[in-house]
Amino acid sequence: MDFFIGRKVVIATKHKKEEAITPILENELGLLCVLPKDLDTDRLGTFSGEVERIDDPVTTLRKKCQMAIDASGINLAIANEGSFGAHPTIFFAHADDEFIMLLDKENGIEIIERELSLNTNFDGTEIKSEDELIAFANKIGFPSHGIILKKGKNNYSGIIKESRAFEELIKNYHKIKNEDGIAYAETDMRAMFNPTRMKIIEQAAIKLTKKAKSLCPSCSTPGFGVVDAEKGLPCEMCGMPTRSTLKHIYRCQKCNFQMGKEFPFEKQFEDPQYCDFCNP
């Protein structure tokens with residue numbers, strides 16, 4: 001797309017996320033990806049807890065992008081921010097929630113996408129023996145996926161992140177365990193040590209490029225996307241409005257042109273079981 005072809009974009013990462021992001025940006029948007037020198041995004045927070053994350057994902061993305069812009073002098077930046085925990089709607093399931101932002105300071109626009117996935121090995125548990133450690137390691141996919149060892153779940157002193165083989169992992173467990181033989185093991189969620197997460201980042205980047213290719217019908221600015229939704233999809237039986245989505249609202253962040261698209265999920269009626277009138 002002419003808007004981006006040939007422009008340089010700086011990737012705000014210290015955890016090799018360029019491996020997932022670069023091919024997509026270059027192939028889909030014609031961008032030239034570069035890396036900033038010595039960028040320490042861990043200053044904004046770490047998964048293992050040594051540095052608390054104090055901002056919401058979008059604020060953190062803006063800060064990461066600005067750090068990369070300041071470090072490189074390039075006015076187009078991309079950053080990713082992931083969080084892990086309980087799925088917002090599927091109880092007792094872990095989720096990987098990846099946000100990604102393309103920030104264009106030259107044109108005053110930011111394009112944001114999100115990929116929420118159940119495909120994650122995010123986990124953590126108290127370890128009391130070598131056998132328990134090996135069982136946990138096998139569960140999360142070690143050694144292709146990293147493991148972080150702690151003295152306790154919320155004890156951030158002396159964290160060990162360097163285990164790359166079972167022999168080293170067991171040695172580090174004995175190094176960090178307390179007098180009762182207890183340590184805490186958790187999945188290393190840094191992208192470079194978690195191929196499962198790297199695939200979700202790649203999916204988020206694909207969604208981002210699709211949104212970047214969506215141009216405003218009025219001014220042709222990239223990133224013309226959904227900003228709101230209207231409920232009211234009619235019930236198939238009684239025709240009354242339901243709480244299901246009837247329309248997506250699209251808006252341009254540059255000229256504020258707005259339009260609605262009905263039936264975004266390709267259905268014109270809702271099942272009566274979701275109708276407050278037919279199934280109160």
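A residue is called buried when its relative accessible area is under 20%, exposed when that value is over 50%, and partly exposed in between. In the predicted model described here, Arg7 has a relative accessibility of 14% and therefore counts as buried.

Arg7 takes part in salt bridges, of which a search of the whole structure finds 19. The side chain of Arg7 meets that of Asp104 in one such contact, with a distance of 2.9 Å from N to O. This pair links distant parts of the chain, since Arg7 belongs to the segment before strand S1 (8–12) whereas Asp104 belongs to strand S4 (residues 94–104), and the two residues are 97 residues apart. Asp104, like Arg7, is buried. Arg7 also forms a salt bridge with Glu106, where the closest N and O atoms are 3.5 Å apart. Because Glu106 lies in the loop between S4 and S5 and Arg7 in the segment before S1, this second pair ties together parts that are 99 residues apart in sequence. Glu106 is exposed, its relative accessible area being 53%, whereas Arg7 is buried.

A further salt bridge is found between Glu115 and Lys207, with the closest N and O atoms 3.3 Å apart. Here too distant parts of the chain are linked, Glu115 being located in strand S5 and Lys207 in helix H5 (residues 195–212), at a separation of 92 residues. Glu115 is buried, with a relative accessible area of 15%, while Lys207, at 32% relative accessibility, counts as partly exposed. Through salt bridges that share partners, Arg7, Asp104 and Glu106 are joined into one network.

Aromatic side chains provide another set of contacts, and the count of aromatic pairs comes to 6. In one of these, the ring centres of Phe47 and Phe84 are 5.2 Å apart and the ring planes stand at 70°, so the pair is edge-to-face, an assignment made for planes over 60 degrees apart. The pair links distant parts of the chain, with Phe47 in the loop between strand S2 (32–34) and helix H2 (57–72) and Phe84 in strand S3 (residues 76–86), 37 residues apart. Phe47 is partly exposed, with a relative accessible area of 27%, whereas Phe84 is buried, with a relative accessible area of 17%.

Phe84 also pairs with Phe122, the ring centres being 5.9 Å apart and the planes at 25°, so this pair is stacked. Since Phe84 lies in strand S3 and Phe122 in the loop between strand S5 (109–117) and strand S6 (124–127), the contact ties together parts that are 38 residues apart in sequence. Phe122 counts as partly exposed, at 26% relative accessibility. Phe47, Phe84 and Phe122 form one aromatic cluster.

On the surface, a negative patch is formed by Glu126, Glu130, Asp131 and Glu132. Helix H3 (residues 130–140) contributes the largest share of this patch, namely 3 residues. Glu132 is found in helix H3, and this residue is partly exposed, with a relative accessible area of 35%. That value is consistent with membership of the patch, because patches are made of residues with over 30% relative accessible area and no salt bridge.

Note on methods:
Residues numbered from 1 in each chain as written. Predicted model: local features only at pLDDT ≥ 70, side-chain atom pairs only at ≥ 80, totals over all residues. Heavy atoms only, no water. Patch = residues over 30% accessible without salt bridge, like charges linked within 9 Å, V, L, I, M, F, W, Y side chains within 5 Å. Areas by Shrake-Rupley, 256 points an atom, 1.4 Å probe, with all protein chains shown as cover. Salt bridge = Lys/Arg side-chain N within 4 Å of Asp/Glu carboxyl O. Lys, Arg positive; Asp, Glu negative; His and termini not counted. Charge placed at Lys NZ, Arg CZ, Asp CG, Glu CD. Helix = DSSP H or I, 4+ residues; strand = E, 2+ residues; numbered from the N terminus. Buried < 20%, exposed > 50% of the residue type's maximum accessible area, 1.4 Å probe, protein only. Phe/Tyr/Trp six-rings, centres within 6.5 Å; stacked < 30°, edge-to-face > 60°.
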